[in-house]
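I opened a fresh notebook page for this one and went through the model feature by feature. Here is the structure, with my entries below it.

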Amino acid sequence: MGLIHIEMFATLDLVGQAPGGPDEDPAGFPFGGWQAPLLDEVAGTQIGAAYEGTDALLLGRRTYDIFAAFWPHQKGGEDGEIAALFNSVPKYVASRGRPDLAWAGSTQLGPDLADAVREIRDRHENVKVVGSLNLVQTLLREKLFDRLDLWLHPIVLGVGKKVFDDGAVPTNVTLLAPPAAGPKGTVYLRYGLADGIPATGDMSAPDRGAKTDG
């Protein structure tokens with residue numbers, strides 16, 4: 001069985017809407033493209049490394065349309081390596097409509113999204129989910145992910161779709177590597193899905209681990 005990796009860019013208040021540009025998801029959101037001024041070489045290297053070994057993309061309809069309009073036309077240059085990867089691997093698209101799947105290697109998922117994602121995980125080793133906030137809500141709700149790469153950017157927007165929204169359920173995760181900060185203040189966090197649900201305790205209770213006299 002392979003791994004489902006969620007790759008997500010978010011603000012400190014965990015807004016993940018339209019980081020790349022003003023036309024990504026403009027409805028009622030005035031901050032499209034908020035990530036661009038905060039990009040640096042460190043984050044670029046981290047993002048590139050995160051895609052190493054990818055053998056499939058799992059995308060929501062809106063993200064797919066953005067990618068399909070851009071990546072097939074990129075050849076060479078600083079984006080050439082990722083373009084070659086994205087253009088060569090299978091693309092699976094979650095959509096209730098009838099998307100135009102002209103990008104080579106694209107397939108629309110069936111109506112039972114959870115079962116379709118499980119089949120993809122059985123078929124591939126490293127499946128990457130990029131952006132696709134609506135799809136991510138389903139993956140979080142069903143705990144259909146294995147890794148979460150989260151880039152936290154040093155801004156607060158106060159408006160916009162959030163990474164952990166209606167789809168979030170009580171879930172334990174574990175930090176897979178020390179946090180890494182870039183020169184512009186973006187912090188890269190790598191988490192893995194862990195067993196169980198969050199535990200609770202009582203901060204006012206005596207410390208049972210403390211040493212006592214006698």
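**Entry 1: salt bridges**

I am working from a predicted model, and I began with charged pairs. My search over the whole structure turned up 7 salt bridges.

I looked up R62 first and found that R62 pairs with D25, with 3.7 Å between the closest N and O atoms. R62 sits in helix 2 (residues 61-70) and D25 in the loop between strand 1 (3-11) and helix 1 (41-50), so this salt bridge ties together parts that are 37 residues apart in sequence. I also checked how covered the two partners are. R62 is partly exposed, at a relative accessible area of 46%, while D25 comes out at 9% and is buried, because buried here means under 20%.

Next I took R190 and D149, whose side chains form a salt bridge at 3.9 Å, N to O. This pair links distant parts of the chain: R190 belongs to strand 9 (residues 187-194) and D149 to strand 6 (residues 147-153), 41 residues apart. R190 counts as partly exposed, with 36% relative accessibility, and D149 counts as buried, with 6%. I then noted a network: D25, R62 and K161 are joined by salt bridges that share partners.

My last pair was D115 and R118, a salt bridge of 3.2 Å from N to O. Both residues lie in helix 4 (residues 113-123) and are 3 residues apart, about one turn of the helix. For D115 I read a relative accessible area of 39%, which is partly exposed. R118 is partly exposed too, at 35%.

**Entry 2: strand 3 and its neighbours**

Which strands pair with strand 3, and in what sense? I found strand 2 (residues 56-60) running parallel to strand 3, joined by 4 bridges. Strand 4 (residues 106-108) also pairs with strand 3 in the parallel sense, over 3 bridges.

For individual positions, I noted that L59 has V93 as its bridge partner in strand 3. K91 stands opposite S106 of strand 4.

Then I asked whether the faces of strand 3 (residues 91-94) are covered or not, and which residues lie on each side. In a regular strand, side chains alternate between the two faces of the sheet. Here K91 and V93 are on one side, Y92 and A94 on the other, and all four of these residues are buried, which leaves both faces covered.

**Entry 3: Q35**

I wanted a closer look at one loop residue. Q35 lies in the loop between strand 1 and helix 1, which is also where D25 is found. Is Q35 buried or exposed? Its relative accessibility is 8%, so Q35 counts as buried.

I listed its contacts, leaving out residues up to four places away in sequence: Q35 touches F9, P19 and H153. I also took a C-alpha distance to A10, which is 25 residues from Q35 along the chain, and got 8.5 Å.

**Entry 4: the whole chain**

I stepped back to count elements and found 5 helices and 9 strands in the protein chain. Read along the sequence, their order is β-α-β-α-α-β-β-α-β-α-β-β-β-β.

For overall dimensions, I placed the C-alpha atoms in a box along the principal axes and got roughly 75 × 40 × 35 Å. The chain has 214 residues, of which 41% count as buried. Its accessible surface is about 11,900 Å², with 53% of that belonging to carbon and sulfur atoms. Among contacts between residues at least 6 apart in sequence, I found that 73% join residues at least 24 apart.

I also checked the record. An unreviewed UniProt entry annotates residues 6-175 as "domain: Bacterial bifunctional deaminase-reductase C-terminal". In the model, the end C-alpha atoms of residues 6-175 are 14 Å apart, and this span is 29% helix and 20% strand.

**Entry 5: confidence**

How far does the confidence hold, and where is it below 50? The mean pLDDT of the protein chain is 91, and 96% of its residues reach 70 or more. Over residues 210-214, though, the pLDDT is below 50, and this stretch has 0 contacts in the model beyond near neighbours in sequence. Where pLDDT is low, predicted coordinates should not be read in detail.

Methods. Residues are numbered from 1 along each chain as its sequence is written. This is a predicted model: local features need pLDDT of at least 70, side-chain atom pairs count only at pLDDT 80 or more; totals for chains, interfaces and linings use all residues. Side-chain values use heavy atoms; hydrogens and water are left out. Buried means under 20% relative accessible area, exposed over 50%, partly exposed in between (1.4 Å probe, protein chains only). Helices (H or I, at least four residues) and strands (E, at least two) are DSSP runs, numbered from the N terminus. Two strands pair if DSSP finds at least two bridges between them. A salt bridge is a side-chain nitrogen of Lys or Arg within 4 Å of a carboxyl oxygen of Asp or Glu. pLDDT is the predictor's confidence in each residue, from 0 to 100. Contact means heavy atoms within 4.5 Å. UniProt positions are given in the numbering used here, feature names are shortened, and annotations may be inferred rather than shown by experiment. Accessible areas come from the Shrake-Rupley method with a 1.4 Å probe; for residues, only the protein chains shown count as cover.
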